[in-house]
Amino acid sequence: MASNRSESLVKLAERLRLYNSLSTQISKIQEFVPKNQELGINPIPKSNRAAVLVCLFEDPQGHLRVILTKRASTLSSHSGEVALPGGKVEEGDADDVETALREAEEEIGLDRSLVDVVTVLESFTNKKGITVIPVVGILWDRNTFNPLINTAEVASLFDAPLEMFLKDENRREQEREYMGDEYVLHFFDHETENEKYIIWAITAGILIKAASIVYQRPPDFQERTPKFWSRNRQ
């Protein structure tokens with residue numbers, strides 16, 4: 001209920017709803033192919049499109065945290081890696097928001113009615129040409145979420161402080177090169193009671209972006225993101 005919502009989280013939700021990224025506008029007109037053609041926009045085919053849920057909630061101290069998963073070791077791609085809940089667009093999905101909420105419900109049992117979607121961020125495209133749309137949602141009360149993990153897809157579920165993705169602590173980096181583009185990948189180490197996790201690649205990139213918007217400041221380090229991440233941004 002609204003009376004149980006913290007003032008800081010309500011204000012954050014209001015501010016994020018005003019966040020106008022171009023990808024939000026493109027996402028809303030994806031289904032109108034003829035209109036896209038008039039505008040000179042090439043919609044991303046559903047087969048090459050995915051969405052993830054950046055689900056934020058407050059801990060008892062009022063600090064923002066984000067829900068993450070460790071992918072099952074049996075998966076054919078990115079097995080054992082840390083990821084945001086999400087996956088590829090399916091034919092019945094109305095939009096990117098529905099994809100992210102459906103996948104979160106299938107993977108970790110997060111009832112979509114508990115999540116208040118507030119904005120959609122700019123897309124990220126990986127080397128394989130899959131364009132990932134980050135959908136940002138608020139979980140007003142963490143206690144209402146009773147996880148039900150789909151073990152075929154998810155090995156474990158955890159959460160991490162969102163602000164850690166702006167800090168230089170517990171962070172490593174590697175310089176990489178792809179088709180003449182030199183860039184940096186960031187690796188964030190996070191430890192829970194039971195396990196140590198490494199958050200990196202596009203997942204880390206999305207969380208750096210989300211944290212920068214939420215906290216309204218750049219990270220304490222130089223990003224140098226790969227050019228291919230932004231190749232399908234319009």
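Me: What makes strands 9, 10 and 11 an open sheet, and in what order do they lie?
Reply: In this predicted model, the three strands run in the order 9-10-11 with antiparallel pairing. Strand 9 (171-178) and strand 11 (196-200) are the edges, each with a single partner strand, so one side of each has no neighbour in the sheet. Neighbouring strands are turned by 25° against each other on average, direction ignored.

Me: How do you know that strand 9 and strand 10 pair?
Reply: Pairing takes at least two bridges found by DSSP, and strands are DSSP runs of E, at least two residues, numbered from the N terminus. Strand 9 and strand 10 (residues 181-191) have eight bridges in the antiparallel sense, so they pass. Arginine 171 stands opposite phenylalanine 188 in strand 10.

Me: Why say that helix 5 packs on the sheet?
Reply: Contact means heavy atoms within 4.5 Å, and helix 5 (residues 201-215) touches strand 10 and strand 11. Its direction makes about 75° with that of strand 11 (axes are lines fitted to C-alpha atoms, for helices over the stretch in contact; angles run from 0 to 180 degrees between N-to-C directions).

Me: Why is helix 5 called largely enclosed?
Reply: Buried means under 20% relative accessible area (1.4 Å probe, protein chains only). In helix 5, 12 of the 15 residues are buried, so the rest of the structure largely encloses it. Among them are Ile202, Gly205, Leu207 and Val214.

Me: What span should helix 5 have?
Reply: The expected span is 1.5 Å times one less than the number of residues. For its 15 residues that gives 21 Å, and the end C-alpha atoms are 21 Å apart, which agrees.

Notes
Residues numbered from 1 in each chain as written. Predicted model: local features only at pLDDT ≥ 70, side-chain atom pairs only at ≥ 80, totals over all residues. Heavy atoms only, no water. Helix = DSSP H or I, 4+ residues; strand = E, 2+ residues; numbered from the N terminus. Buried < 20%, exposed > 50% of the residue type's maximum accessible area, 1.4 Å probe, protein only.
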